[in-house]
Amino acid sequence: MDNISFSEILEEFLFEHSLTQTVFAQRIGIKQSQVSEWLKGKAKPGYDMLKRMSVEFGVSADYFLGITEKAK
């Protein structure tokens, strides 16, 4: 996963899990517009949000950080 951006990782995750931005946002307690900003590469989630995403979806934070290729 060399040099893959967070926005690319998130886009792939949403696609592979058939999640809309809205559903993803609702599950982690944020607005859809924030997810949109992440996908555009204009912002990135902080530590607390990465932790929330990992717990909610049962995915290693390393996956969202681009350290590992596997979501589980």
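Mentor: Let's start with a word we'll need: contact means heavy atoms within 4.5 Å. Take Ser54 in this predicted model. Leaving aside residues up to four places away in sequence, Ser54 touches Val59, Ser60, Ala61 and Phe64.

Trainee: Where does Ser54 lie, and is Ser54 buried or exposed?

Mentor: Ser54 is part of helix α4. Buried means under 20% relative accessible area. Ser54 has 11% relative accessibility, so it counts as buried.

Trainee: Let me step back to the whole fold. How many helices and strands does the protein have?

Mentor: There are five helices and zero strands. Read from the N terminus, the order is α-α-α-α-α.

Trainee: How do I read the radius of gyration of the protein?

Mentor: You set it against what a compact globule of that length would have. For 72 residues that would be near 11 Å, and the protein has 11 Å, so the two agree. The C-alpha trace spans about 30 × 25 × 25 Å along the principal axes.

Trainee: And what share of the residues counts as buried?

Mentor: Of the 72 residues, 35% count as buried. The accessible surface is about 4,700 Å², and carbon and sulfur atoms account for 49% of it.

Trainee: What about contacts between residues that are well separated in sequence?

Mentor: Look at the contacts between residues at least 6 apart in sequence: 45% of these join residues at least 24 apart.

Trainee: How many charged side chains are there, positive and negative?

Mentor: You'll find 9 positive and 10 negative ones, with the centres of the two sets 8 Å apart.

Trainee: Now the rings. How is a pair of aromatic rings described?

Mentor: You give the distance of the centres and the angle of the planes. This structure holds seven aromatic pairs. One of them is Phe13 with Phe24, which is edge-to-face, at 6.2 Å centre to centre and 70 degrees between the planes.

Trainee: Which parts of the chain does the pair of Phe13 and Phe24 tie together?

Mentor: Phe13 sits in helix α1 (residues 6-16) and Phe24 in helix α2 (residues 21-28), so the pair ties together parts that are 11 residues apart in sequence. Phe13 and Phe24 are both buried.

Trainee: How do the rings of Phe24 and Phe57 lie?

Mentor: Planes under 30 degrees apart count as stacked. The planes of Phe24 and Phe57 are at 5 degrees and the ring centres 5.0 Å apart, so that pair is stacked. It links distant parts of the chain, from Phe24 in helix α2 to Phe57 in helix α4 (residues 47-57), 33 residues apart.

Trainee: What relative accessibility do Phe24 and Phe57 have?

Mentor: Phe24 has a relative accessible area of 0%, so it is buried. Phe57 comes out at 11%, so it counts as buried too.

Trainee: Which residues do the ring pairs link into a cluster?

Mentor: The cluster consists of Phe13, Phe24, Phe57, Tyr63 and Phe64. You've met Phe64 already, as one of the residues that Ser54 touches.

Trainee: Let's try an aromatic residue in another setting. Is Tyr47 buried or exposed?

Mentor: The cut-off for exposed is over 50%. Tyr47 has a relative accessible area of 63%, so it is exposed. Tyr47 belongs to helix α4. Its C-alpha lies 22 Å from that of Leu19, and the two residues are 28 apart in sequence.

Trainee: And what about Gln32, what accessibility class does that residue have?

Mentor: Gln32 is at 33% relative accessibility, so it counts as partly exposed. It lies in helix α3 (residues 32-39). Not counting residues up to four places away in sequence, Gln32 touches Gln21, Thr22 and Ala25. Gln32 and Phe6 are 26 residues apart along the chain, with 16 Å between their C-alpha atoms.

Trainee: What is special about the phi of Ser18?

Mentor: Phi of Ser18 is near 50 degrees, a positive value in a residue other than glycine. Ser18 is in the loop between α1 and α2. At 69% relative accessibility, it counts as exposed.

Trainee: Last one: where does Ile67 lie?

Mentor: Ile67 is in the segment after α5 (61-64). It has 57% relative accessibility, so it counts as exposed. Ile67 and Ile4 are 63 residues apart along the chain, yet 9.5 Å separates their C-alpha atoms.

Definitions and conventions
Residues are numbered from 1 along each chain as its sequence is written. This is a predicted model: local features need pLDDT of at least 70, side-chain atom pairs count only at pLDDT 80 or more; totals for chains, interfaces and linings use all residues. Side-chain values use heavy atoms; hydrogens and water are left out. Helices (H or I, at least four residues) and strands (E, at least two) are DSSP runs, numbered from the N terminus. The radius of gyration is taken over C-alpha atoms; the globule rule is 2.2 Å times the number of residues to the power 0.38. Buried means under 20% relative accessible area, exposed over 50%, partly exposed in between (1.4 Å probe, protein chains only). Accessible areas come from the Shrake-Rupley method with a 1.4 Å probe; for residues, only the protein chains shown count as cover. Lys and Arg count as positive and Asp and Glu as negative; His and the chain ends are not counted. The place of a charge is taken as NZ of Lys, CZ of Arg, CG of Asp or CD of Glu. Rings of Phe, Tyr and Trp (its six-membered ring) pair if their centres lie within 6.5 Å; planes under 30 degrees apart count as stacked, over 60 as edge-to-face and the rest as tilted.
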